[in-house]
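Subject: Structure for you to look at

Hi there,

Here is the structure I promised to pass on. Please open it alongside this email, and tell me if anything reads oddly when you compare it with my notes.

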There are 2 protein chains.
Amino acid sequence: MTPSGTADRARPTRAAAGVKEVAAAAGVSLGTVSNVLNRPEMVSAATRAKVEAAMLSLGFVRNESARQLRAGSSRIFAYLMLDAGNPFFTDVARGVEEAAREAGLSVFLCNSNEDARREADYLDLLEQQRVQGVLITPVDPDSPRLSQLPARGTPVVVVDRAIDDGEHCSVAVDDVFGGEVALSHLLELGHERIAFVGGPNNIGQVTDRRAGARRAMERAGRPAEDLIDLVTGALTVAEGRGAGQRLAGLPAARRPTAAFCANDLLALGLLQQCVSLGLRVPEDLAIVGYDDIEFAAAAAVPLTSVRQPRQLLGHTAAELLLDESSNPDHEHQRVTFTPELVVRTSTRGNSPS
Amino acid sequence: MTPSGTADRARPTRAAAGVKEVAAAAGVSLGTVSNVLNRPEMVSAATRAKVEAAMLSLGFVRNESARQLRAGSSRIFAYLMLDAGNPFFTDVARGVEEAAREAGLSVFLCNSNEDARREADYLDLLEQQRVQGVLITPVDPDSPRLSQLPARGTPVVVVDRAIDDGEHCSVAVDDVFGGEVALSHLLELGHERIAFVGGPNNIGQVTDRRAGARRAMERAGRPAEDLIDLVTGALTVAEGRGAGQRLAGLPAARRPTAAFCANDLLALGLLQQCVSLGLRVPEDLAIVGYDDIEFAAAAAVPLTSVRQPRQLLGHTAAELLLDESSNPDHEHQRVTFTPELVVRTSTRGNSPS
DNA sequence: TCGGGTTTCTGAAAGGTTTCAAGTGGATTG
DNA sequence: CAATCCACTTGAAACCTTTCAGAAACCCGA
């Protein structure tokens, strides 16, 4: 991995031509150039051709700042993701882009990386940029900054989190239900000592999924406290490995026989570490993940996981944002999808019954 | 996955206050407000406090469009990725963000999704936005659009592709060498029928890696044509599965005993499909991937792969862009890193020697 | 009290685009 | 031939901020 370099002379940069230069070159007025740009049907074919030729030869590039300043609107959505390294969110982003594209808008992606400070910084930036709207999977859904935006004119749709403060639309998947389904599955398989792996606890997805899991425990007639809590510092593969280390280190008699992970990244890390430390999956440890990302099925032991409609989530969210930013009598919506369990080898075949 | 909805009344939006209102509210001139914003040290503490209070109470949000229009510069980098769903590129993006952050800049991520048309659209958009610089892993590195940008004042650094047209810096990893190393490894293990899985062929990474593989064949005294070409439509898990289908369908006598995939996504899909069709890895089919993404080690059979310094790649690229966009006597650089082979179960233990 | 040097503040210009009311000129009509 | 229309064009104002030359206020020692 040693870098090797080659130097090269830099090219001088040339300032871009503006409408004014184009107008002069084409021998028309400034307003006409603008018309060619924005209402070509109002310009005669001959003039339009002249202007377009001038634009081409001068290398005209419209200055969006100026356009935006004058026109007020910006034709850009931003999706502020919780973790760009998590394929779940990139699939959501794909859905967002798809919907935006259908409406002729572009999407900028931003990555808060589970860091509230970065999230806040990006929100400031996006507001200053006057983007047409913001989609966000928040680290901190209660941040005052988040509710300020809509009040000041930047519509916000919350993705993958249900919010009902009346400030924004939200599109979510029922995480409590998902957690319940996952844990019920493990209980049905006869597992007694079950761990919930996830964290940090300020992330709503984690607490909801845990809450669902605890509810399943109680429904099965067991105290919620019996669910062993393995708190992680983030929802990443590396943290999953760390959890695996901790878990595998327990004496067999106290070690859980099943683990429900707050997402697939954790589950994959846990799986990898446990296997490499000699535990058999699912015989010694059954594992359930969450999200059903594409890699879950390709894992060392194909992963049982809770599937969410990732792309649809993003698509729906973008459509809501579109409505909010263009329809004057928009009403805030709270859309909730229901996840479903996908059973694979990491739990199946372990049934002690 | 059935959605359920709840409606809610929309809130009226209020226009944001500008410097003018702030100035009036604070009883100072417009220029002073601007000074508070841009050169706070030139304003007396008392005045500054007054202005800041006014900003707060009015909910002032600086209008970046206007700022940019007047000031000319934009404090934003964009990274136009080849595939946001590929963890390799999100790791590169992480490096970019890190370097940008150190310099006080923000990064917008864009996803061309291996689509030349979307790439071109995004380039237009970014140029119009007058971003401070563009980092790009191009679908089409020879696109005229790409060389236009620097000439018109938007610096561009090409990431993960070596370019020496004298128009931009580039930061790359030696893909030919990587391909050669991967294939040499398979040859050393004694494999006779080896497939190269990858495509489409307009993607430079694919052709370089294939070229390296063919070179390794020739170095081993075998005609390059002996390398069986399995062309895919994209570098995705799904395409990898498709390749697996095709490959597993061949009669055992003609089926390759080893496959070198142009990236890990393909390799993971191939692996998954082959295993599910009853082939043993590595006994029936050895697999080498490329990129060594985090999921490679967690795969069904831990994947031998060619590791690239992902984050460093992004970090270095952003630093070059920074230099180009701020240092008047910047010289274009071409930095090349060398990849390394990471051997895991998907090839090891198959040694027929 | 007065020059002279600092520090702080002001006001107007500038930046590139869009918008829109008003203007132009040619074709059509009476 | 004049009046009317129509299809296009024009030019100036507006969007919000930053910049910068110069004005104002202040402080110091003489």
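Below is what I found, beginning with the DNA and moving on to the protein interior.

Please keep in mind throughout that this is a predicted model.

**DNA strand D**

I began with the protein surface around this strand. DNA strand D is surrounded by 25 residues, and the closest are A:Thr32, A:Ser44, A:Thr47, A:Arg70 and B:Val19. Of the strand's atoms that come within 4 Å of the protein, 68% are accounted for by sugar and phosphate.

The bases are reached as well. In the side chain of A:Arg70, an N or O atom is 2.7 Å from a base nitrogen of DNA strand D. The side chain of B:Arg70 has an N or O atom 3.2 Å from a base oxygen of that strand. On the backbone side, B:Ser34 places a side-chain N or O atom 3.3 Å from a phosphate oxygen of DNA strand D.

Which elements give two or more residues to the surface near DNA strand D? They are α2 (30–38) and α4 (64–71) of chain A, together with α2 (30–38) and α4 (64–71) of chain B. The largest share, 5 residues, comes from α2(B). By type, the residues of this surface divide into 9 nonpolar, 11 polar and 5 charged.

**DNA strand C**

Now for the other strand. Around DNA strand C there are 26 residues, with A:Val19, B:Ser29, B:Thr32, B:Thr47 and B:Arg70 the closest. Sugar or phosphate makes up 66% of the atoms of DNA strand C within 4 Å of the protein, and bases make up the rest.

Three contacts to phosphate oxygens of DNA strand C are worth a look:

- B:Thr32 has a polar side-chain atom 2.8 Å from a phosphate oxygen.
- B:Ser44 uses a polar backbone atom, at 3.1 Å from a phosphate oxygen.
- A:Ser34 has a side-chain N or O atom 3.3 Å from a phosphate oxygen.

The surface near DNA strand C draws at least two residues from each of α2 and α4 of chain A and α2 and α4 of chain B. Here α2(A) gives the most, with 5 residues. The residues of this surface divide into 10 nonpolar, 11 polar and 5 charged.

**Inside the protein**

The largest nonpolar core has 181 residues, and those with the most contacts inside it are A:Tyr79, A:Leu183, B:Tyr79 and B:Leu183. Beyond its sequence neighbours within four places, A:Leu183 is in contact with A:Ile194, A:Ala213, A:Ala216, A:Met217, A:Leu227 and A:Phe260.

In chain B, have a look at B:Val171, which lies in strand β6 (residues 169–173). B:Val171 counts as buried because its relative accessibility is 0%. Leaving out residues up to four places away in sequence, the residues that B:Val171 touches include B:Val157, B:Val159, B:Leu313, B:Ala317, B:Leu320 and B:Phe337. The C-alpha atoms of B:Val171 and B:Leu322 are separated by 14 Å, and the two residues are 151 residues apart along the chain.

Finally, there is a helix in chain A to look at. Helix α12 (residues 310–326) of chain A has 17 residues and spans 25 Å from its first C-alpha to its last, close to the 24 Å expected. Among its buried residues are A:Leu313, A:Ala317, A:Leu320 and A:Glu324. An α-helix has 3.6 residues a turn, so residues three or four places apart point the same way.

Happy to go through any of this with you.

Best wishes

Methods
Residues numbered from 1 in each chain as written. Chains lettered and ligands numbered in written order. Predicted model: local features only at pLDDT ≥ 70, side-chain atom pairs only at ≥ 80, totals over all residues. Heavy atoms only, no water. Helix = DSSP H or I, 4+ residues; strand = E, 2+ residues; numbered from the N terminus. Expected span 1.5 Å × (residues − 1). Buried < 20%, exposed > 50% of the residue type's maximum accessible area, 1.4 Å probe, protein only. Core = buried A, V, L, I, M, F, W, Y, C linked by side-chain atoms within 4.5 Å. Contact = heavy atoms within 4.5 Å. Near = heavy atom within 4 Å. Polar contact = N/O pair within 3.5 Å; in protein donor to acceptor, adjacent residues only side chain to side chain. Nonpolar A, V, L, I, M, F, W, Y, C, P; charged D, E, K, R; others polar.
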